[in-house]
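Trainee: Could you take me slowly through one part of this structure, and set it in its surroundings as you go?

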Amino acid sequence: MPQAEQPAAIRVRDLVVGFGRQVVIDHLSLDVRKGEILGLVGASGGGKSVLMRTIIGLIPRRSGTIEVLGRPVGGVRDRRTQNIAGQWGILFQQGALFSSLTVRQNVQFPLRENLVLSEELMDEIAIAKLEMVGLAPGDADKFPSELSGGMIKRVALARALALDPQIVFLDEPTSGLDPIAAGDFDALIATLQKTLGLTVFMVTHDLASLNTVCDRVAALADGKIVAIGPMRELLQSEHPWVRAYFHGKRSQMLQPQAS
Amino acid sequence: MASEPLLTATSAGELLELRPRGSWTASRVTTLESLAAAAAPAIDRANTVKLDLADLGELDTVGAWLLEKLFRRAVSAGHRVDVTGVAANYAGLIEEVRQVNRQSRPPPAAQNPVVVRLGEIGRSASGATEDVAAFLQMLGSLFVAMLGVLRRPRSLRITSAVYQLYRVGWQAIPIIVLIMFLIGAIIAQQGFFHFRRFGAESYTVDMVGILVLRELGVLIVAIMVAGRSGSAYTAELGSMKMREEIDALSTMGLDPIEVLILPRVVALICALPILTFIGVMAALYGGGLVAQFYGGMSPAIYIARLHDAISVAHFEVGIIKAPFMALVIGIVACSEGLRVKGSAESLGRQTTTSVVKSIFLVIVLDGLFAVFFASIGM
C-alpha cells in the first residue's frame with residue numbers, strides 16, 4: 001500500500017495546550033503512522049507527557065484537532081473518546097495499577113468491563129498476557145504493593161494489552177529499569193509490535209531504546225515538534241536542542257557501542 | 001474488514017478439518033468462545049485433525065489462544081494435528097501463544113467453612129490485642145519523644161506545631177461554634193417544652209448549663225475533632241507511609257514520631273480545650289436565645305439563673321477531660337496512619353478505623369471520668 005493512502009493512526013493538528021498563562025504545547029502537528037513505533041523525546045518538563053495525556057483526552061486542549069484511528073477525540077468523559085478507549089492501551093509512568101486488585105484482576109479488568117466471556121477464558125487470557133510480558137503465572141495473585149518496579153511496568157503493559165488494542169501509549173516504559181531489564185522490555189515491545197501489528201507511541205529518554213526499537217523519533221522542543229524522522233536523520237539534525245540532546249556527553253558515551 | 005467469525009468443521013471419516021474464518025479478535029470473544037466449545041466434541045471423536053488457517057481474516061491474542069486451545073485439546077487426546085496456511089504476519093503471534101499457559105495452576109485448596117470462620121474470629125481477637133499494643137507503643141514513643149523535647153527544647157518543631165494548631169484549632173472554630181450553638185438551642189427548647197408541664201421552666205437553665213459544661217460540650221467537640229482532624233491525620237500519615245516519605249525521614253536520621261506525630265498531637269492537645277471553651281460558650285448563647293424567644297425568659301434572668309446554677313467546678317470537670325481526649329484521638333489517628341499498607345483500600349479502611357475507634361475511646365474515657373469525678377465528689 002502506498003504511504004499516502006495509509007491513514008495515520010494518530011493525527012494531531014495545530015494543537016495548543018496550556019495551564020494558566022503558560023503555553024506548554026504551541027500549535028503542534030504530528031502524525032503517527034499505523035504500525036510504527038514512534039519515540040517522542042524532549043526536555044524534562046517540556047510537555048512530552050502533557051502531549052500524550054492530551055491525545056488520550058486527560059488534559060483539555062485550547063485549540064486544535066486530534067484524530068485517533070480516523071475518529072475525533074474529545075475529553076475522557078466524552079462518549080466518542082470512550083468508544084475509542086477500547087482501541088488503545090496506556091502504560092502510565094508509575095504503572096497506575098489498581099492497588100486493591102491483584103495482578104490477575106488488574107489485567108482482567110478491561111476484559112471484564114468490555115467483553116462478555118467466561119471466567120475460565122478470562123483467567124487463561126490474563127495468564128497468557130502475563131506470560132507474554134515475561135511474568136510467571138505465580139505472580140498473578142500478588143498485589144501491586146508486593147511487586148518490584150520492573151514487574152509493575154510489565155503488569156501495566158499486560159493490562160494495556162489486555163484488549164488487544166491497536167495503539168499503545170507508553171510513558172517512559174524503561175525508566176527505572178536496569179539496562180538488562182530495559183533491553184528485555186524494548187525487545188518485548190518490538191516483538192509485540194511485530195506479532196500484534198501495534199502502533200506504539202512511546203515517550204522516552206532512553207537513547208538505547210530510541211536507537212533499537214523506534215521506527216521514527218520525534219523531538220519536542222519549545223512546544224513544537226522540531227524534528228521527526230528515523231534516528232539517523234535526527235542525528236544529523238541542525239536544530240540546536242536536538243544536537244545537544246543526541247550529541248551531548250551522555251550520548252557520546254553510547255557511541256562506541258552503538259556504532 | 002471485520003467480519004463475523006466462523007469455524008467450519010468438515011469431517012471425513014477419521015479426519016476432521018477445521019477452517020476458522022473471519023475476525024478472530026477480542027471484540028467477538030463471546031461468539032468465538034461458543035464456536036470453540038461447539039467444535040470440541042468433534043475433535044474428541046476424530047483421529048487426525050487438520051487446522052487450516054488460510055481463510056482467517058483477523059487474529060489477535062484472544063483468537064490465537066482459542067485456536068491454540070483447540071490444538072492442545074487434540075494433542076492431549078493423542079490425535080495427529082496438522083496446522084497449515086499460517087499467514088506470515090500471524091506466525092509470530094501463534095508461536096508466542098504456543099508458549100503460554102503451559103503450567104497448570106494448582107487448584108485452590110478446599111477449606112472447611114467452620115475452620116475459616118473460627119480462623120477469622122481468632123484473627124480478630126489477636127488483632128484486638130495488637131490494637132492495644134499499637135496504642136501503648138504510640139503512647140510510649142510519644143512519651144519518649146516528649147522527654148527528648150524536655151531535654152532539648154529546641155528540638156520541638158514549633159513551626160509545624162503552630163501550623164497544625166492553625167488547622168485543627170483555628171479552622172475548626174466555625175463548625176464547632178455552629179454545632180454547639182445548635183446543640184445548646186435544642187437542649188433549651190426540649191427543656192422548656194417538657195418542664196413547662198410541671199411549671200419548672202426555670203430549671204431548663206440549670207439543665208443546659210450543667211449538661212453542656214460537664215458532659216456534652218467536651219464530648220461533642222471531641223467527636224467533631226475526631227471526625228474532622230483525626231481522619232485527616234490518619235489519611236496524611238497513611239499516604240506518606242504509602243509514598244515511602246516516612247522511610248525517607250528515618251533514613252535521614254530523623255525520628256518520624258518527633259517530626260510528624262509529636263507536633264500533631266501537641267497541636268491537638270492545645271486545640272481541644274480551646275475549642276471546648278468556645279463551643280460551650282456558643283451552646284450557652286444558643287440556649288439563651290431559645291430562652292428569650294421560645295421560653296419568654298429575658299437575658300438578664302437567664303444569666304442570673306445561670307450564675308446560680310453553675311460553678312467553676314462544673315466548668316473544670318468538662319475542660320479537664322479535653323486534653324486527655326485529644327491525646328486519645330491523636331494517638332489513635334497517628335498509629336492507624338502508620339499501619340496503612342500499600343493499597344488505596346487500606347488507606348480508606350485505616351481512616352475509617354481511626355475515626356470509629358477514637359470516637360469509641362472518647363466516649364469510654366468520658367464514662368471513666370464520670371465515675372472518677374463522682375467518687376471524688378466533684
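Mentor: What follows looks closely at one buried loop residue, Pro144(A), and then at the strands of chain A and the contact with chain B. Keep in mind from the start that this is a predicted model, in which chain A has a mean pLDDT of 79, with 88% of its residues at 70 or more.

Find Pro144(A) in the loop between α4 (119-132) and α5 (149-160) of chain A. Although Pro144(A) belongs to a loop, it counts as buried, because there are 21 C-beta neighbours inside 10 Å and the cut-off for a buried residue is 20 or more. If you set aside the neighbours within four places in sequence, the contacts of Pro144(A) are Leu97(A), Ser99(A), Ile152(A) and Gly342(B). Ser99(A) lies 45 residues away from Pro144(A) along the chain, and yet their C-alpha atoms are separated by 5.6 Å.

One of those contacts, Gly342(B), belongs to chain B, which leads us to the contact between the chains, where 24 residues of chain B meet 24 residues of chain A. On the side of chain B that touches chain A, the elements that give two or more residues are α1 (29-45), α2 (61-76), α3 (88-99) and α12 (344-375) of chain B, and α3(B) gives the most, with six residues. Sorted by class, this side of chain B has eight nonpolar, ten polar and six charged residues.

Back in chain A, strand β6 (residues 88-91) is covered on both faces, with Trp88(A) and Ile90(A) buried on one side and Gly89(A) and Leu91(A) buried on the other. β6(A) runs parallel to strand β7 (residues 167-171) of chain A, to which four bridges join it, and within β7(A) the bridge partner of Trp88(A) is Ile167(A).

Chain A also has an open sheet of four strands, in the order β2-β1-β4-β5, with antiparallel pairing; its edge strands, β2 (22-33) and β5 (71-72) of chain A, each pair on one side only. Inside that order, five bridges join strand β1 (residues 8-19) of chain A to strand β4 (residues 63-68) of chain A, and Val16(A) stands opposite Ser63(A) in β4(A).

Finally, read the model with its confidence in view: in chain A the mean is highest in strand β8 (residues 199-203), at 87, and lowest in helix α10 (residues 249-258), at 58. Over residues 1-5 of chain A pLDDT stays under 50, and the model has one contact beyond four places in sequence for them.

Key
Residues numbered from 1 in each chain as written. Chains lettered and ligands numbered in written order. Predicted model: local features only at pLDDT ≥ 70, side-chain atom pairs only at ≥ 80, totals over all residues. pLDDT = per-residue confidence, 0-100. Contact = placed C-beta atoms within 7 Å. Nonpolar A, V, L, I, M, F, W, Y, C, P; charged D, E, K, R; others polar. Buried ≥ 20, exposed ≤ 12 C-beta atoms within 10 Å, placed from the backbone. Pairing = 2+ DSSP bridges.
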